[in-house]
Amino acid sequence: MPRVLVLFAHPAYEKSRLNRRLLQAIRGLDDVTIHDLYEAYPDFQIDVAAEQARLVAHDVIVVQHPFYWYSAPALAKEYLDLVLEHGFAYGSTGHALDGKVLLNATTTGGPEAAYQVGGRNRYTMRQLLAPFDQTAYLCRMRYLAPFVVHGALRLDPDTGCTEAQRQYRSLVVALRDGALDLDRAAAAERINDLVGGA
Ligand SMILES: Cc1cc2nc3c(=O)[nH]c(=O)nc-3n(C[C@H](O)[C@H](O)[C@H](O)COP(=O)(O)O)c2cc1C
């Protein structure tokens, strides 16, 4: 059974509304590890060896974060900068991550309509997340379409948030169980549409 690692990066968890609820939705699942990066490394002093070992021990890596300035919060970038070392993650002798799956799970303030070519933000989410896609490619990982919840600030707590929680839990369970068609998941614009709500 594939084991899922959720790298959670939110610099203000106490203020989070949506990511907090998404995290709640997947807590306690068997074979799913939640690793809160800002809690573990408030001073950004990442334990590279420990993080590399954690990556090796999992098959599916989900980077869960609010969308900040069209990307992930700073500690997620610092994590990639330090942990994905040459000779570990890439290069002729760096094969530790070969074949593992990587995806972003993210929430945006902006609405879905803004993330279109010709829209207010001019680019799609997949386009904006291209650095993660290419990072996965260089590390010989499989990059899947992102799980995205748009319009976080306006989402109704009883309907929108609950539906997003259901979708996210279904996604993580499907990733854990190897129940997702990875070719379709890699090709999609958003992975949300590939999972049921149950
Ligand atoms: C520093 C900062 C940068 C942000 N940048 C963006 C952005 O580029 N695009 C966007 O749609 N929302 C942006 N937002 C809004 C957040 O994505 C939104 O507040 C978050 O997804 C809500 O999730 P939460 O309730 O878990 O905090 C930004 C918010 C902050 C604080």
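This passage walks through a predicted model of a protein with a bound ligand, starting at the ligand and then visiting several individual residues.

A good place to begin is the ligand. Its surroundings are made up of 17 residues, and the closest of these are Ser16, Arg17, Phe67, Thr107 and Tyr115. Sorted by class, this shell contains nine nonpolar residues, seven polar residues and one charged residue. The ligand occupies the space of the largest pocket.

Three polar contacts help to place the ligand on the chain. The side chain of His10 offers an N or O atom that is 2.8 Å from an oxygen atom of the ligand. At Leu18 the backbone takes part instead, with a polar backbone atom 2.9 Å from an oxygen atom of the ligand. Phe67, already named among the closest residues, has a backbone N or O atom at 2.8 Å from a ligand oxygen. On its own, the ligand has 640 Å² of accessible area, and the protein covers 74% of that.

Two of these contact residues also lead to other parts of the chain. His10 has Pro73 as a partner in space: the two residues are 63 positions apart in sequence, yet their C-alpha atoms are 6.8 Å apart. Pro73 belongs to the loop that joins strand S3 (60-66) to helix H4, and H4 itself spans residues 74-83. Pro73 counts as buried because its relative accessibility is 2%, where the cut-off for burial is under 20%. Leu18, in turn, can be paired with Leu153, which is 135 residues away along the chain, with 8.3 Å between the two C-alpha atoms. Leu153 sits in the loop between strand S6 (147-149) and helix H7 (160-177). With a relative accessible area of 74%, Leu153 is exposed, since the cut-off for that class is over 50%.

Helix H4 offers another buried position. Val83 is part of this helix, which covers residues 74-83, and its relative accessible area of 0% places Val83 in the buried class. A separation of 28 residues in sequence lies between Val83 and Leu55, while their C-alpha atoms are 9.3 Å apart in space.

Further along the chain, Cys139 is found in the loop connecting helix H6 (130-138) and strand S5 (142-143). Although it lies in a loop, Cys139 is buried, at a relative accessible area of 2%. Its C-alpha atom is 6.5 Å from that of Asp98, a residue 41 positions away along the chain.

Arg190 comes in the segment that follows helix H8 (182-187). Is this residue buried or exposed? Arg190 is buried, because its relative accessible area is 18% and burial means a value under 20%. A polar atom of the Arg190 side chain lies 3.3 Å from the backbone oxygen of Val148. Val148 falls within strand S6, residues 147-149.

The backbone also holds two details worth a look. Asp31 has a phi angle near 60°, a positive value in a residue that is not glycine. Asp31 is located in the loop between helix H1 (18-26) and strand S2 (32-36), and is partly exposed, with a relative accessible area of 35%. Arg122 likewise has a positive phi, near 65°, and is a residue other than glycine. The loop between strand S4 (101-107) and helix H5 (125-128) is where Arg122 is found. Arg122 counts as exposed, because its relative accessibility is 55% and the exposed class begins over 50%.

Key
Residues are numbered from 1 along each chain as its sequence is written. This is a predicted model: local features need pLDDT of at least 70, side-chain atom pairs count only at pLDDT 80 or more; totals for chains, interfaces and linings use all residues. Side-chain values use heavy atoms; hydrogens and water are left out. A residue is near a molecule or strand if one of its heavy atoms lies within 4 Å of it. A polar contact is a pair of N or O atoms within 3.5 Å; within protein, one must be able to donate a hydrogen and the other to accept it, and residues adjacent in sequence count only if both atoms are side-chain atoms. Accessible areas come from the Shrake-Rupley method with a 1.4 Å probe; for residues, only the protein chains shown count as cover. On a 1 Å grid over the protein atoms alone, a cavity is a set of points where a 1.4 Å probe fits but cannot get out, and a pocket is an open set with protein on both sides within 12 Å along at least five of seven lines; lining residues have an atom within 4 Å of a point. A molecule sits in a cavity or pocket if more than half of its atoms lie within 2 Å of its grid points. Ala, Val, Leu, Ile, Met, Phe, Trp, Tyr, Cys and Pro count as nonpolar, Asp, Glu, Lys and Arg as charged, and the others, Gly among them, as polar. Helices (H or I, at least four residues) and strands (E, at least two) are DSSP runs, numbered from the N terminus. Buried means under 20% relative accessible area, exposed over 50%, partly exposed in between (1.4 Å probe, protein chains only).
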